[in-house]
Amino acid sequence: MYPPLSAQKILFGLLVLLLCVAVSPGKAAHQRTFVSIPVLGVINQGGKVVGTTHYLAIQIDRLSDSSGPQLQFNEGSRAFGNFKGAALGPDWKDAARAAIEAAAHATNEDPRTWLVTLKNVSTAYMTDGPSASAALAVAIAAAVRHTPTLSNMALTGAITNDGRILAVGRLPEKIQGAAAAGITVVLIPGGQSRTSNWDVRPLSESLHISVIEVGTLQEAYERMTGQAL
């Protein structure tokens with residue numbers, strides 16, 4: 001069972017306060033931005049794959065020099081109860097680097113001044129794969145633009161360096177996990193509503209979830225913030 005999304009957000013506000021990681025004196029300017037965003041995943045529960053919704057906490061510090069982009073991962077630390085920083089696999093970390101590059105390209109920002117710290121708040125011990133990277137790219141772009149994301153909306157998809165959103169697996173399970181967390185809009189990669197493996201339209205209707213296809217970071221950002229990129 002998942003707590004209601006509003007409770008998750010209150011909890012996450014506290015978790016974000018714990019995200020800070022020491023930075024060497026002189027390396028970072030006094031500019032810091034926090035943002036949290038829901039991401040969809042799957043776990044094996046008693047031999048059955050089920051969808052989950054967990055959260056990414058992203059902290060962006062502005063470096064006083066241009067030695068970035070620097071990326072660090074806050075892994076393994078327990079926060080409240082079962083919520084902890086999941087260990088992150090190599091594919092996840094590679095995808096996070098692509099998300100930073102895509103966000104920098106989309107916002108015309110200089111990523112050399114960024115120190116990005118990521119915490120994946122999940123009940124899972126290990127998280128891997130690229131499917132959270134599109135959501136991460138949106139979150140980073142929103143953070144550097146100081147633009148809030150809309151509530152009750154989640155995105156799944158793999159991001160490329162140039163901002164294209166690529167297909168991911170297990171969409172029916174992820175949509176079910178989103179519904180369990182109170183999410184009402186799920187953004188998915190273009191062309192994935194109906195594939196040779198699934199048709200999520202009847203499922204989304206039964207769960208009262210709107211499923212919207214997006215093909216680029218720009219499309220996803222505009223959906224998730226209500227503003228142009």
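**Note on backbone outliers and nonpolar cores**

1. Asn 108 is exposed, its relative accessible area being 71%. In this predicted model, Asn 108 sits in the loop between H2 and S7, and its phi is positive, about 60°, although the residue is not a glycine. Most residues other than glycine have a negative phi, so this loop position deserves a look when the backbone is reviewed.

2. A positive phi, near 55°, also occurs at Arg 170, again a residue other than glycine. Arg 170 belongs to the loop between strand S11 (165–166) and helix H4 (171–180), and with a relative accessibility of 40% it counts as partly exposed, since the exposed class begins only over 50%.

3. The peptide bond that joins Gly 68 and Pro 69 is cis, with omega at about 0°, whereas most peptide bonds are trans. Pro 69 is found in the loop between S2 and strand S3 (70–73).

4. Turning to the interior, the largest nonpolar core comprises 42 residues, and Ile 58, Leu 155 and Ile 159 are those with the most contacts inside it. Several elements each supply at least two residues of this core, among them strand S1 (28–45), strand S2 (48–63), helix H2 (90–107), strand S7 (114–122) and helix H6 (217–225). The largest share, eleven residues, comes from H3.

5. A second core, separate from the one just described, has 14 residues, including Ala 154, Val 168, Ala 178 and Leu 203.

Terms used: Residues are numbered from 1 along each chain as its sequence is written. This is a predicted model: local features need pLDDT of at least 70, side-chain atom pairs count only at pLDDT 80 or more; totals for chains, interfaces and linings use all residues. Side-chain values use heavy atoms; hydrogens and water are left out. A nonpolar core is a set of buried Ala, Val, Leu, Ile, Met, Phe, Trp, Tyr and Cys residues joined through side-chain atoms within 4.5 Å. Buried means under 20% relative accessible area, exposed over 50%, partly exposed in between (1.4 Å probe, protein chains only). Helices (H or I, at least four residues) and strands (E, at least two) are DSSP runs, numbered from the N terminus.
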